[in-house]
Amino acid sequence: MSAATELEAKDGLRLSWMRWPSTRVEASRVVVPLAAMYTPLMPPSDPNFSNQVQYDPVKCSGKGCNALLNLYCEIDYNNRIWVCQFCLSRNMLPQHYSDIGPYNLPAELMQEYTTIDYLLPYEPPVLGPYILFVIDTCTIELELDKLRSAIISSLSTLPANTLVGLITFGKHVSVHELEFNECPKSFVFRGNPKNDNVTTVFVADMLGLAPPIPAANKNAPPPSSPQNSAKSKSVFFLPVESCIASMATILNDLIPDPWPVKGDERPARATGVAASVAVGLLEAVAAGCNARIMFFSAGAASAGPGKIVSMELSETIRSHHDLFKGNCQWHDKACKYYSGLADRLATSGHVFDLFACSLDQIGLAEMKVLVDKSGGLLVLSDMFRYNTDSKSDVFAQSFQMCFVQGADGYMNMAFQGEIEVITSRESKVSGAIGHLSSKNQKGTSVCDKEIGIGNTNLWRVGGLTSASSYAFYFDVVNTVSTAQTTFLQFITKYRDAGGFAHVKCTTCVIPLTDSSTDSGLAQVAYEFDQETAAVVVARLAIFKAENEFTTDVLRWLDRMLIRLMAKFSSYTKDQPDSFQMSPQQQFYPQFMFHLRRSQFLQVTNSSPDETAFYRQIFLNENVANSLTMIQPVLLAYDLCDPSQSPTGASCVVNAVLLDAGSVGPERILVLDTFFNVILWHGESVAQWKNDGLDQDPNYLYLKEFFSMASDDANSFMTSRFPAPLFRECSSGDSQSRFLLAKLNPSVTQNTVQGYGAQGGPPPVFTDDVSLKVFMDHLRKLAVQN
C-alpha cells in the first residue's frame, strides 16, 4: 500500500502532491494544483478501531482561529498550555485536562487519532429525520404502481424515529394529511399560481400552520386558532410506525393525474410548484431538524414556475445545441427559480433527493442545483419498472440502498453538514469543488486566488454519506523558502440520522521543499499522486465546462498536460525519441486522454439531463470511483488448460488494457464504467451460448466460464449507488457500441490493411485518434516547450 492510499484509509484524505514547493512562485510551476480529496464520513479501514469520543473538542481562543487541539500542537504539560500551530496562539488547557502528561494523553493527542469524531454529549438531539415523499402522478398506471410499491415497502424498513410526509402533484399539487386513515384529506395548491413566488409564509398559511396576518393591521397579534398548535403540524408528518396504514391507503388510492390531455399536448406537470411547496413545508415544520425531500419525477416540467418546455408537443425539449445557440426560452428562468429554492435548502440544512425516471428529459439540467447545494442523492433511469431489455432495475436497487442502516439502527446518512478548512501561515485555501455552497466566511486561511467555490474557508454541504467526497484547492503564500512544513485541518460539523451532533476533525502535516533546485524538484515529483491529480483536474475541468466552451476546456487540459510533461520528464530539446516520463506520472497522460473522450466533456451523444447527471455523480465520488468513470475497468475471461492453471480452473480472468486489441472472438469481456456494467461475448463465445453448450453436461467448463464472468459483473452492481445499468451483448450487437466507444481505437478502418477485403468490420469504426497518436503528439510538443 502506497503512502497516498494509507493516508486515505486512515483519514479519508488524498493529496495530489504529498510534498509541496515551499514558495508561491515554485508552487505555480508544478502545473497541477495543490489539492486534497476529502471524504469526511469514510469509516476507518480497521473495523475494530473506533475514532469516536464522547466529549467536546478543545478550541483555540485565537482571534478568527477555530482550530481544534490536535497531536501536532506544542504542549507545555507543566503550565497546562498548548500552542496552536495555525495561529501560534497560546491557550490554556481546560480544567478536566489537568492530569494529562506524556504517558496520559487524551485521544486527540495520540498518534493514531489524526482523525477524531467528537460526539457532543451536551448538545440535545433534534427530531427526525423527516422524510417527505413527493410523487409525480403524470405517468402511466404501471409506472405509478411500481413507485407506490417501492415506497410502501420502504416504510417498513425505516427506523422508528423517522417522520414521514406525502405530497403528490400533476397539474396541481396536493399536500396530504396522514392523521386520519378513514377520511383522507389533502390541501391543493394551484400548479400555475398567479404569483410564481410560493414562499414559506404562503405555504404555512395555506396549510394552517401559521394564521394569516391581515394586511390592514400587520402589528396585531395573531388570532387564536386550534390550527395554530403543535398538533396541526403532526397531521402532515407522523412517526412511520403509526402512519403505515394511512400512507398505504393514500398510495393505493393514487391514480394517474385525471386532468385530460389533448393529443397534441404534454401533461401539465407542476414540478416547480411541487418542489417549492415541499421546501416551504419543511421550513415551516422541520426548522433546525434533520429532513430530506425525496422527489420522484416521471417527465418534463411543463406548467407553472420552473417549467422547461411548454405543453405543446410541437415544441421540443432543449438540447445541447439549443443551449449553445441560446434557443431556450425557459432555461434561464427555470435555473433562476431552482437556484432560489436551492439557497433556501442550503440555509435550512434540508436535503433534496431527485429520482428522475423517464424516457424523456425531466429538467434535471435545471434542477441539479437543488441536489448540488443540499448534498442530496441523484438517480437517473428510463423507468421506475424493471427494464426487461437490459435486465436491470436501477430505480428499485438505488431506492433500497437509500435506507441502509448501520449497527446503531440509524440510517447511514448525515444532515446539516458544514466543512471548515484551516491552514497554517504557509498556505491558504483557494476554493472547493463538490456538492457544497459557500458560507462567505473570510479569514486568515482564505487565499485571494479563487478556484471553484472560493473566497471562503467554510462551506455548507447539507446531506452527507460515507461516499461524499469534496475537492479542496490550496496555494502556498510564502515568498521565501524558510518553512519546512504546513498544516491543514478539516473540521466537519454534522448531525447523524439519530439527531446527535458531531464534530469530525482531520489534521495533516505536509512537508515543504525548495523546488528551485534539481534535488528539491525531484523530491516533489516523487511525491506526486497521479490518480488524485487526475481527479482534481477533472473536477476543475467539469467546473469550467459549466460556463465555458468545451473546446476551450480541452485546450486548457492540453496545455496543462504539455507543461507538466515538459517540467518533470527527461528529454533532449527537439528530440521526441529522447522523451522519458517520470514513473510517478506515467499513467497521468492516459487519464487525460480518456477524460478528453469522456461523457463529462464530450456532450454530442448526450442530452443536457444526462450530462448533468454524469457530472453531478462525478463531483460526489471518491478517487477510486472517479477514476473508474474516467478510465473504466476492463476484465477479460479466457479458457485455459486446467493442468496449467495455478488454481486448477478451466478459465482465467485478467485485467487488460482498455484497448481495441483486447477484443477477441473466444473471449468474454466485462467493462465497468461505473454507470454501466457491460458483459460482452466474443463471436465464438456467443455462438457457444446460442447452441446451449453452457448447459451441456459434457461442457461443464463452459458453464464455469460463463458463470465466472456473470458473477463478477453482478459483484460490481451490488453495493454501488446509484445502481449501474447492466447490458449483456455480443460481438456485432447494437449494444456492443457502449463497449467499443470506451476502448482506445488502436485498431480502426484506417489502420487495418485491406479493410474492404476483410470478412467483417474492424473492432472500432471511428475517426478518433488513438492513445499512441496522442502520446506521439504529446512527446513532440513537450520537447519543444
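**Note on a predicted structure: helix packing, sheets and loops**

1. Helix α18 (residues 683-690) packs with helix α19 (residues 700-718) at an angle of about 115°, the two axes being 12 Å apart. Angles of 65 to 115 degrees count as roughly perpendicular, and α18 is therefore roughly perpendicular to α19. The crossing of α18 past α19 is left-handed. On the side of α18 the contact involves Val-685, Trp-688 and Lys-689, and on the side of α19 it involves Leu-702, Phe-705 and Phe-706. By class, the residues of this contact comprise 5 nonpolar, no polar and 1 charged. The reader should note that the model is a predicted one.

2. Helix α19 also belongs to the surroundings of a sheet. It lies across β26, β27, β28 (668-672), β29 (676-681) and β30, and its direction is at about 165° to β26. The sheet in question is open and has 5 strands, ordered β27-β26-β28-β29-β30, with mixed pairing. Its edge strands are β27 (651-655) and β30 (725-730), each of which pairs on one side only. Neighbouring strands are turned against each other by 15° on average, with direction ignored.

3. Within that sheet, how many bridges pair strand β26 (residues 633-639) with β27? There are 5 bridges, and the pairing is in the antiparallel sense. In this pair, Tyr-637 is found opposite Val-653 of β27.

4. The connection that follows α19 deserves a separate remark. Pro-722 is placed in the loop between α19 and β30. The peptide bond leading from Phe-721 to Pro-722 is cis, and its omega is near -10°.

5. A second pair of helices offers another packing geometry. Helix α7 (residues 271-285) and helix α9 (residues 331-348) meet at an angle of about 20°, with 11 Å between their axes. Since angles under 35 degrees count as roughly parallel, α7 and α9 are roughly parallel to each other. The passage of α7 by α9 is a left-handed crossing. From α7 the contact draws on Thr-271, Gly-272, Val-273, Ala-275, Ser-276, Val-279, Gly-280 and Glu-283; from α9 it draws on Tyr-337, Tyr-338, Leu-341, Arg-344, Leu-345 and Ser-348. These residues divide into 7 nonpolar, 5 polar and 2 charged.

6. A further open sheet has 4 strands in the order β1-β3-β21-β18, and its pairing is antiparallel. Why is one side of β1 (13-15) and of β18 (427-433) left without a neighbour in the sheet? Both strands stand at the edges and have a single partner strand each, so one side of each remains unaccompanied in the sheet. From one strand to the next, the twist averages 25°.

7. At the β1 edge of this sheet, 3 bridges connect β1 with strand β3 (residues 34-38), and the two run antiparallel. Arg-14 is positioned opposite Met-37 of β3. Helix α1 (residues 3-11) lies across both β1 and β3 and runs at about 150° to β1.

8. Three domain annotations come from an unreviewed UniProt entry. The record assigns "domain: Zinc finger Sec23/Sec24-type" to residues 57-97. Residues 57-97 are 0% helix and 22% strand, with end C-alpha atoms 12 Å apart. The record gives "domain: Sec23/Sec24 beta-sandwich" for residues 414-513. That stretch, residues 414-513, is 0% helix and 58% strand, and its end C-alpha atoms are 39 Å apart. Finally, UniProt places "domain: Sec23/Sec24 helical" at residues 529-627. Residues 529-627 are 62% helix and 9% strand, and the end C-alpha atoms lie 13 Å apart.

9. A hairpin is formed by strand β24 (residues 570-572) and strand β25 (residues 575-580). These strands run antiparallel and are joined by 2 bridges. Thr-572 faces Gln-575 of β25 across the pair. The hairpin has 2 residues between its strands, and Asp-574 adopts a positive phi near 65°.

10. Two further loops contain local features of the backbone. Leu-88, located in the loop between β6 (81-83) and β7 (90-92), has phi near 65°, a positive value in a residue other than glycine. Pro-129 occurs in the loop between β8 (115-119) and β9 (130-136). The peptide bond from Gly-128 to Pro-129 is cis, with omega near 10°.

Conventions
Residues are numbered from 1 along each chain as its sequence is written. This is a predicted model: local features need pLDDT of at least 70, side-chain atom pairs count only at pLDDT 80 or more; totals for chains, interfaces and linings use all residues. Side-chain values use heavy atoms; hydrogens and water are left out. Two strands pair if DSSP finds at least two bridges between them. UniProt positions are given in the numbering used here, feature names are shortened, and annotations may be inferred rather than shown by experiment. Axes are lines fitted to C-alpha atoms, for helices over the stretch in contact, and angles run from 0 to 180 degrees between N-to-C directions. Contact means heavy atoms within 4.5 Å. Angles under 35 degrees count as roughly parallel, over 145 as roughly antiparallel, 65 to 115 as roughly perpendicular and the rest as oblique. A crossing is left-handed if the near helix is turned anticlockwise from the far one by less than a right angle, and right-handed if clockwise. Ala, Val, Leu, Ile, Met, Phe, Trp, Tyr, Cys and Pro count as nonpolar, Asp, Glu, Lys and Arg as charged, and the others, Gly among them, as polar.
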